[in-house]
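Here are a few exercises on charged side chains and a greasy bit of surface. Have the viewer open and try each task before you read the solution.

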Amino acid sequence: MRDARCAMPDAQCPMPDARCPMPNAQCPIPNIMLLTISTTRVPATDLGYLLHKHPDRLQCFPMTFGQASVFYPEANAEKCTAALLLDVDPVGLVRGKSKSDDRPLEQYVNDRPYVASSFLSVALGKVFSTALSGRCKDRPELAETPIPLTVNLSVLPCRGGEKFLREMFEPLGYQVAAKPLILDAQFPEWGASPYFSVELQNTIRLADLLSHLYVLIPVLDDDKHYWVSDDEIEKLFRHGEGWLNAHPAREQIADRYLKRQRHLTRIAVAQLAEADNLDQEKLEVYHQQEEEVLEQRISLNEQRLDAVMEVLKASNVKRVVDLGCGEGKLLRLLLKESALAKPSQRIEQITGVDVSHRVLEIATERLQIERLSPAQQSRIQLIQSSLIYRDSRLTDFDAAAVIEVIEHLDLDRLAAFERVLFEFVRPKSAIVTTPNIEYNVKFENLPAGKFRHRDHRFEWTRAEFQTWANGVAERFGFAVEFRCVGTEDAEVGSPTQMAIFTQCK
Ligand code: SAH
């Protein structure tokens, strides 16, 4: 018998008493949220192979927020149902976190333990990771076959109501049945809740169904979130592969999945539109918006980084070193780019080098390296080293960026740096930027004859920079091309000057 405190109506309980794995006092209900997946494809117990979970066993998985359990309330040749229970520990969730001042109780009294939310997606990703990736070593052909599947979500928050729920699943071929849940049966006057008991039916590959759930459950829940990492875009693309692009509500899905962080949504939407060329008009609008924001606020620093990124992206580089990386602004853009790119175009190794231990510490903090996914962590490396000494760790790079660094080197050390960069590191291409001293007259606050930064040992005119760069190119066997960065003035040129060196074959 189920526990007397169990809040789940009998009709909704997918666990006939005989098979309930958590009888009586152990029953975690109502502290659960429940998902069941059923099939009627004979022999239905093949579902166990597809999910990599044996139908006769209760299996538990520790999660950072509690525990996930998988069991089969029914398992026979005609019908097989797998259930995923989540026991979310609400106190564990907030342990060690600072309290919110305006709603101090909210972190203890909330719906998270009772509803399908991003915790369920995290659990799906962990517990059914093999199935989600479409792999099945025992029944590979079955993993590729659309089979009749039914999903039940006992409490799914649907901000946007049933209409929005249907807009999410129906374009993907699901039949949707939704029962609204009232807030409290004892107080009907409190009215409807945002929660629905939902049944979804489709004939579909299990991996596709799991990826739809993985993305769309948090989208429907639309819970507020304070921080979303750039990794989320990577996850959205990974799990949205093959369907999100063609979904009529893809922009809304991206927007909600990325918790309305406009800058992330813009990247995602632009990528989605670019991927299939479907919606060039919308893409234009987004690009224009981006440009407007840029024009209002863009700093020279950002323009410079964008100019560098443009060169790097155009040459499809795999291994990049940022020499004199400072606090890691370029590294950050490179990491983002590597998270977004298709595998064939992905930057695989990003190395930042700086002589200053302190700025590398700041870079480590700003890049939140320990919070990156293992894949992203493996791509990034920070090295403390001086650019005027040869360093055996710095070899085999497609491209080197040296952004606003040379002017920090004493002129009599420049020759040593040239050998390090062009002879020892010897990347296929190198981008060097430096201030154009002619432009300094345009800075109202800069007294005549002063450099832009106290640590600058020199600043060059366009002619001086080009003479240096042409000489280097010739001595070390590179071709060089010059570009302007920032608004160009007819008389004094642009604020930043850039040289792009390419190794001659
Ligand atoms: N490239 C970064 C930082 C530019 S500031 C950006 O564009 O934001 C210049 C950086 O060069 C500083 O972080 C400084 O510590 C570093 N630097 C100066 N001399 C160096 C040397 N000899 N070797 C390595 N880094 C050096």
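**Exercise 1.** Find how the side chains of Asp391 and Arg393 meet, and say how buried or exposed each residue is.

*Solution.* Keep in mind that this is a predicted model. Start with the N to O distance: 2.8 Å. The cut-off for a salt bridge is 4 Å, so the pair qualifies. Next, check the cover. Asp391 has 13% relative accessibility and counts as buried, while Arg393 is partly exposed at 45%. Elsewhere, salt bridges with shared partners link Glu144, Arg205 and Asp208 into one network.

**Exercise 2.** Count the salt bridges, then work out which parts of the chain the Asp46 and Arg139 pair ties together.

*Solution.* The count comes to 21 salt bridges. One of them joins Asp46 to Arg139, with the closest N and O atoms 3.4 Å apart. Now place the two ends: Asp46 sits in helix H1 (residues 46-51) and Arg139 in the loop between helix H4 (129-132) and helix H5 (140-143), so the bridge ties together parts 93 residues apart in sequence. As for cover, Asp46 is buried with a relative accessible area of 10%, and Arg139 is partly exposed with 24%.

**Exercise 3.** Do the same for Lys313 and Glu337: which helices does the pair tie together?

*Solution.* First the contact: the closest N and O atoms of this salt bridge are 3.7 Å apart. Then the location: Lys313 belongs to helix H12 (residues 300-314) and Glu337 to helix H13 (residues 329-340), so parts 24 residues apart in sequence get tied together. Lys313 is partly exposed, with 48% relative accessibility.

**Exercise 4.** Asp354 is buried yet has no salt bridge. What surrounds Asp354?

*Solution.* Locate the residue first: Asp354 is in strand S9 (residues 349-354). Now look for a partner of opposite charge. The nearest such side chain is Lys329, 11 Å away, and the salt-bridge cut-off is 4 Å, so that pair is ruled out. Then try the backbone: the nitrogen of Cys325 lies 3.4 Å from a polar atom of the Asp354 side chain. Finally, list the contacts beyond four places in sequence; among them are Gly324, Cys325, Gly326, Val359 and Leu360. Ile383, Gln384 and Ser385 are also in contact with Asp354.

**Exercise 5.** Which residues make the nonpolar surface patch of about 320 Å², and where does Trp190 lie?

*Solution.* The patch is made by Leu183, Phe187 and Trp190. To place Trp190, look in the loop between strand S6 (175-182) and strand S7 (192-204).

Conventions:
Residues are numbered from 1 along each chain as its sequence is written. This is a predicted model: local features need pLDDT of at least 70, side-chain atom pairs count only at pLDDT 80 or more; totals for chains, interfaces and linings use all residues. Side-chain values use heavy atoms; hydrogens and water are left out. Patches are made of residues with over 30% relative accessible area and no salt bridge: like charges are joined within 9 Å, nonpolar side chains (Val, Leu, Ile, Met, Phe, Trp, Tyr) within 5 Å. Accessible areas come from the Shrake-Rupley method with a 1.4 Å probe; for residues, only the protein chains shown count as cover. Helices (H or I, at least four residues) and strands (E, at least two) are DSSP runs, numbered from the N terminus. Buried means under 20% relative accessible area, exposed over 50%, partly exposed in between (1.4 Å probe, protein chains only). Lys and Arg count as positive and Asp and Glu as negative; His and the chain ends are not counted. A polar contact is a pair of N or O atoms within 3.5 Å; within protein, one must be able to donate a hydrogen and the other to accept it, and residues adjacent in sequence count only if both atoms are side-chain atoms. Contact means heavy atoms within 4.5 Å.
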